[in-house]
Amino acid sequence: MKKFFAAALVAVLIFAMSVTAFAAESIRIEDVNVSFGYIESGSGNIIVNDFTKEEASKHRQSLYAQRADIAKAIGVQNLDNVKIVGLINIFGNASVSNPLTLSFNVPGVKANNLVNILHFVNGKWEVLPGIAGDGTITGTFTSLSPIAFAVQPNVFIEPPIDNPSYETTINFKNANITVADGNATIIEISKDEIDRYREILIGNYFAEEIKIENIKNTEFIGPIVFSANASAASPTTLTFNVPGVKATDIVNILRYSDGRWEYLPGIAGDGTVTGTFTSVDPIMFAVQRGAAVNPPKDQINPEQPDVDPQQPSATDPTTNDAAPEAPADANTSPKTADNGIALFVIAGLAAAAGIVAVSRRKVEE
């Protein structure tokens, strides 16, 4: 009997480990009553059909199988914060014009939500741009076939209408940015991709997901995408040639990750910006002209607290004393949670092994 309980305990623990891994691969497909609205541009007779249960299941499986490619095309690391809604089939008669701009009624969508249209062509889901209104999504098609809508409910690409007090201008600037130290390569991106990244920054700002100080006097240069060389360490420090930047400017680096822009510290030089990176993501440079007066060489972020020069820092190579660790946060991070699960599993396996050992001793006696 004890052997049975030990085996059951091990099985439960192994299942618990697999649940965490499976959850990370999830995709949210929601049943929403989507209907065709009207033809915004073009002509023809449009028909919308719901799928049979078997057809819908087949397309759901293909969405799941292609989730990584879909996430990459949308511009996010995974689909955890993306809802897939309205799996429908559209087709038209012989008189349908090409291209065709169609509007659909999609309950729950808000004006200026960041949305995409997933279009099934030749066994693959391609990602098309979409425009969200209150309860509507509009897109342009060159062929008619199964579609679904990818909605990021917490990301907006323009300011909400009910927030007129927000500053409505973000000063974007293009520049010929290159890598100064040869440890990375700039990857060329299209104008549509540049506009999209900038729209997301606008949405993050108006949704108060990123705070931009002194926005009227800040230039946003970029975005760019770079690829670190295979020999580059992680983290790696890179210097970019950014025309127009001066050593007296305050510069922050904005990094795009999982649908949002976030700040990284940067160091300005005459025509250069230096930063440290742990991953390769699209970046922009937020430059406040002449905001710093003779900044110290080690100043990265002007908002960081003053440090007593008599006290050794956590990274001071002249001392072997490690800085004290911060107290554990009650809101455990995913990484910490994974460590806790791992310790729990190890303890459980050890307990199971102990039960089996005790059982063997009793049998031998």
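Biologist: How are helices and strands defined and numbered here?
Modeller: Both are DSSP runs, helices being H or I over at least four residues and strands E over at least two. The model is predicted, so that local features need pLDDT of at least 70 and side-chain atom pairs count only at pLDDT 80 or more, while totals for chains, interfaces and linings use all residues. Residues are numbered from 1 along each chain as its sequence is written, and side-chain values use heavy atoms, with hydrogens and water left out. Helices and strands, for their part, are numbered from the N terminus.

Biologist: Which elements each supply at least two residues of the lining of the largest pocket, and which gives the most?
Modeller: A pocket is an open set of points on a 1 Å grid over the protein atoms alone, where a 1.4 Å probe fits, with protein on both sides within 12 Å along at least five of seven lines, and lining residues have an atom within 4 Å of a point. At least two lining residues come from each of α3 (67–74), β6 (113–121), β7 (124–129), β9 (136–141), α4 (191–206) and β16 (250–257). The most, seven residues, comes from α4.

Biologist: Which residue in β5 stands opposite S41?
Modeller: Strands pair if DSSP finds at least two bridges between them, and five bridges join β2 to the antiparallel strand β5 (residues 100–105). In the open four-stranded sheet, ordered β2-β5-β9-β8 with antiparallel pairing, β2 (35–41) is one of the edge strands. Opposite S41 stands T101.
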